[in-house]
Amino acid sequence: MSSFASKLSKINETQDSINYLSGYMLQNEASSQSFIDVWKSQVFNAPPATKLLLLYLCNDVIQKAKRHHKTKYIADYFGPLLEVINPIYHSVDSTIKKKIERLISVWEDRLVFDADGIRKLRERIAQPPQKQVAATPDPPTVIPELQLINDLYQRINDLTDVSQGNLTQLGIQSKTYLNLDADTLPETQVHLNKLKVLEKLSKVSIKNIESIKSTREQIKSHLQTMLHSLESGLQTDDSKISVINDKLNRIDETRRTLQGEVESSDDEELPKYEDEDSDDEPETKKRRVSPSPSGGSTPKKVAFAKDIQVNEYDNKTKGDADDESDDDIKQSEKEDTPSAEVMDILLKLA
């Protein structure tokens, strides 16, 4: 609809301008409601002279629609027209007001609207000035990059409209003045002048098309810049996701480590049950270490008679053996002597 809004903004008082716009609207009848919404928005914001031109456009559309039995435009236009007629009527001077009243009379005479519709329109303009019913909606917020591309596309649409008109004229005049066998050729001098005009029109058409091409190149360049920015953004997004995934892995590892420490701590806190003899000293401590010879060897005892013991020692020299033998004899005699307690027990038994 931005293209149609641009077309409406260029409306002028010529019949060709109004015919072009009304024809465009009627050819696209399916979009009638959208066209009317744009028309209504521009009526509210236009200067007084343009308001009248937009009403003339409405008149041209609905009269042609009635003539070609396209009742959709008549039905769709009446509500918005009833809505805007009062603010428009009270915002213009008396000269334009008379022209608006004349329009309503034409619609009545040609039965564009029924009697009830005409009565409502006249009642509306007879009422005191009313505030603008339809406020222009705030335009959507658009980022500068997209706004620039939108403006460039709008320029292409405008250039294309001009180019299409030039190319149409170029095609018509080419058939007329470039065919030397035609029966309707003008006089030679006039023909030369027409060829000069045709040449100028051709150059203008080329210049116009080159402008369109240049604008397309600008759009392409901006889109490539945006594409590069998007690709760079995608790489940055992937890097951020990778860093976050690494943190998630570390979180998992840290959690498992802490859970292992908690389980180990629980095991250490379980009660332990010791044996009843655990309070006793270790057996190795309770045993009395027998005195051993200074040489560290354990004597081997061999009995040859009842009261005779012979000690043999491994790996001893003869001198050492003799010294130790005397000590063993004394120890043996000491061990064979009964203690006093033993003697007392023996006497009692006797």
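Of the 20 residues of helix H4, 14 are buried, so this helix is largely enclosed by the rest of the structure. Buried here means under 20% relative accessible area, exposed means over 50%, and partly exposed lies in between, for a 1.4 Å probe and protein chains only. The model is a predicted one, in which local features need pLDDT of at least 70 and side-chain atom pairs count only at pLDDT 80 or more, while totals for chains, interfaces and linings use all residues. Residues are numbered from 1 along each chain as its sequence is written, and side-chain values use heavy atoms, with hydrogens and water left out.

## The chain as a whole

The chain contains 12 helices and two strands. Helices (H or I, at least four residues) and strands (E, at least two) are DSSP runs, numbered from the N terminus. Along the sequence their order is α-α-α-α-α-α-α-α-α-α-β-β-α-α. The chain has 350 residues, of which 25% count as buried. Among contacts between residues at least 6 apart in sequence, 68% join residues at least 24 apart; contact means heavy atoms within 4.5 Å.

## Helix H4 and its packing against H5

Helix H4 covers residues 48–67. From its first C-alpha to its last, H4 reaches 29 Å, close to the 28 Å expected at 1.5 Å a residue. The expected span of a helix is 1.5 Å times one less than its number of residues.

Asn59 lies in H4 and counts as buried because its relative accessibility is 14%. Residues up to four places away in sequence aside, Asn59 touches Leu103 and Trp107.

H4 packs with H5 at an angle of about 155 degrees, and their axes are 11 Å apart. Axes are lines fitted to C-alpha atoms, for helices over the stretch in contact, and angles run from 0 to 180 degrees between N-to-C directions. H4 and H5 are therefore roughly antiparallel to each other. That term applies to angles over 145 degrees, whereas angles under 35 count as roughly parallel, 65 to 115 as roughly perpendicular and the rest as oblique. The crossing of H4 and H5 is left-handed, a term used if the near helix is turned anticlockwise from the far one by less than a right angle, with clockwise giving right-handed. On the H4 side the contact is made by Lys51, Leu55, Cys58, Val61, Ile62, Ala65 and Lys66, and on the H5 side by Tyr73, Ile74, Tyr77, Leu81 and Ile88.

## H5 against H6

Helix H5 spans 71–89 and helix H6 spans 94–109. The axes of H5 and H6 come within 10 Å and cross at roughly 155 degrees. That makes H5 roughly antiparallel to H6. This crossing, too, is described as left-handed. H5 contributes Leu81, Ile85, Ile88 and Tyr89 to the contact, and H6 contributes Lys97, Ile100, Glu101 and Trp107.

## Two loop residues with positive phi

Most residues other than glycine have a negative phi. The table lists two residues that have a positive value.

| Residue | Phi | Location | Relative accessibility |
|---|---|---|---|
| His69 | about 60 degrees | loop between H4 and H5 | 70%, exposed |
| Leu111 | near 55 degrees | loop between H6 and H7 | 59%, exposed |

His69 comes just after H4.

## Helix H7

Helix H7 has 12 residues, 115–126, which should span 16 Å at 1.5 Å a residue; its end C-alpha atoms are 17 Å apart, which agrees. In H7, Gly117, Ile118, Leu121, Arg124 and Ile125 are buried. These residues cover an arc of only 125 degrees around the axis, which puts them on the same side of H7; the arc is that of the directions from the helix axis to the C-beta atoms. An α-helix has 3.6 residues a turn, so residues three or four places apart point the same way. The buried residues of H7 pack against H5 and H6, while Ala115 and Ala126, on the other side of H7, are exposed.

Lys120 is also placed in H7 and, at 32% relative accessibility, counts as partly exposed. Leaving aside neighbours within four places in sequence, Lys120 is in contact with Phe78 and Leu82. Lys120 and Leu82 are 38 residues apart in sequence, and their C-alpha atoms are 7.6 Å apart in space.
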